[in-house]
Amino acid sequence: MYVTKIGVLVMVALFSIAKVRGVDRNIRDTTLPVFAFEMIITKLEHLLDKWNEAEAAVKQDREIVEQKLAGLTRSIIQQEKTMDQLLTKQQTLLNQMLQDKWNEMKAEMKQDREIVEQKLADVTRSIIHLEKTMVQNLTKQHTQWNEMKAEMKQDREIVDQKLTGVTRSIIQQEKTMDQNLTKQQTLLNQMLQDKWNELKAEMKQDRDIVEQKLASVTRSIIQQEITIDQSLTNVKTQLNQMLTEQTVNAKRKKMKQEIQKLASNNDLARFKASSGLYLQSISSGSCKEEPSKESGKYILQSTEKDEPFLGYCEQTAFGGGWLVFQYRYDGSVDFFRKWTEYRDGFGSMDGEFWLGLEQLHRLTSARKHELLVELKDFDGNYIYARYDEFAIGSEEEQFPLAKLGAYTGTAGESLLVHKGMKFVTKDRNNDLTPNTNCAIRYKGAWWYNKCHDSNLNGLYRNSVDGKNIVWSHYKLRLGLAYTRMLIRET
């Protein structure tokens with residue numbers, strides 16, 4: 001501020017000197033009027049007056065601030081003194097309170113120490129009393145133990161004497177028992193010899209009776225065969241007559257149906273043995289051609305060259321015309337079987353059965369067939385899988401699943417992985433798994449690969465196990481309660 005004021009005074013002085021010395025001549029040369037310098041000087045003088053007034057005001061304000069700061073300082077010093085006095089009083093009171101509390105705690109600790117010392121004295125007296133009691137008891141027990149040792153020694157001598165007597169008695173009894181056993185063995189041998197002689201005599205007598213009965217049965221069977229041959233000859237003659245008469249066609253159809261329903265595998269064997277029987281007159285080419293359209297057992301003969309066989313026709317499911325070749329529903333038939341049994345077939349068409357691989361080969365190689373697989377779980381849920389083509393190869397080829405067409409159904413596709421695989425049984429290993437037989441491992445027989453997605457000839461069980469009747473894409477490894485496999489000509 002002082003520097004600025006001095007600068008203003010210097011400028012005023014310079015302009016005043018210039019005016020006195022005639023510097024206005026130079027100023028005129030610069031075309032600046034003289035009165036302009038006078039105005040500048042006037043304004044500078046006015047500015048200087050203002051500056052002096054501002055400086056006086058600032059000085060006055062500074063004095064006021066310094067007075068206020070002095071008053072504030074005195075107030076703070078007074079407050080600090082007051083606070084020091086208060087803190088001194090509080091410290092004195094706190095020290096007094098701590099001293100009183102310490103005196104109280106010392107009195108309580110002294111009282112507690114006296115109580116503890118009394119209790120320790122009581123405990124010490126109690127321990128001394130217990131020690132005396134224990135010493136007395138140990139002395140008594142030691143005396144009793146010595147007495148027991150003496151009694152045990154006496155008892156041991158008595159037991160040793162008794163054991164010696166028992167040993168002699170046992171030895172004597174063993175000798176007696178040996179003698180008795182020898183006698184009993186002799187008697188038993190004699191009885192067995194007598195019984196064997198009696199049985200030989202009875203067996204000889206029974207054999208004579210059986211031979212007589214067998215001779216009688218043989219004569220009866222021969223007579224029945226002669227009668228059957230005569231009856232079949234008469235049937236043939238009657239059938240030939242019926243075929244020549246158009247008026248008796250209805251009777252012929254009725255007779256055919258009755259023979260179909262009453263026929264069995266044993267009947268077929270007799271029919272085949274009779275060279276005079278015209279089988280084609282009472283058989284159907286397939287279930288699809290069976291005119292009755294009723295489900296049941298029928299004699300079927302695909303061509304004149306094929307031997308007739310007994311099959312079960314399903315005429316209601318999916319339009320009918322299906323031949324059932326596998327049926328399981330209660331586990332009454334064991335399906336863990338050998339190659340020849342699966343080749344020739346087993347079971348009964350009145351229950352569970354397998355038609356036979358050889359028959360399937362003949363049928364599917366002679367005409368095009370489709371496949372239907374019906375399944376149920378143990379909760380009664382029905383599902384099915386249908387394939388528009390199905391064929392089985394020959395026994396020389398190991399009965400492979402030669403053809404398997406497109407799938408439709410609700411069960412899921414669980415047979416395609418077996419396409420082209422040879423059939424496997426527990427005594428014929430044709431699978432692709434090294435060092436094992438899938439049929440033995442999974443207790444069935446099937447077109448195993450490595451090993452299966454389906455195992456419909458497995459064990460009949462309500463459990464989760466790959467050895468069960470399984471169709472994996474329905475429920476993995478869940479045993480099924482019902483399975484039926486059917487084929488139909490297309």
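Visitor: Hi! Which side chain does T316 make a polar contact with?
Guide: The side chain of T316 makes a polar contact with the side chain of E314, at 2.3 Å. Such a contact is a pair of N or O atoms within 3.5 Å; within protein, one must be able to donate a hydrogen and the other to accept it, and residues adjacent in sequence count only if both atoms are side-chain atoms.

Visitor: Is this model predicted, and how are residues numbered?
Guide: This is a predicted model, where local features need pLDDT of at least 70 and side-chain atom pairs count only at pLDDT 80 or more, while totals for chains, interfaces and linings use all residues. Residues are numbered from 1 along each chain as its sequence is written, and side-chain values use heavy atoms, with hydrogens and water left out.

Visitor: Back to T316, where is it found?
Guide: T316 is in the loop between β2 (309-314) and β3 (322-328); strands (E, at least two residues) and helices (H or I, at least four) are DSSP runs, numbered from the N terminus.

Visitor: Buried or exposed?
Guide: T316 is exposed, because its relative accessible area is 64%. Exposed means over 50%, buried under 20%, and partly exposed in between (1.4 Å probe, protein chains only).

Visitor: And T425, buried or exposed?
Guide: T425 is buried, with a relative accessible area of 0%.

Visitor: What does the side chain of T425 reach?
Guide: The T425 side chain reaches the backbone nitrogen of W339 at 3.5 Å.

Visitor: New topic: where is D112?
Guide: D112 lies in helix α3, and D112 is partly exposed at 44% relative accessible area.
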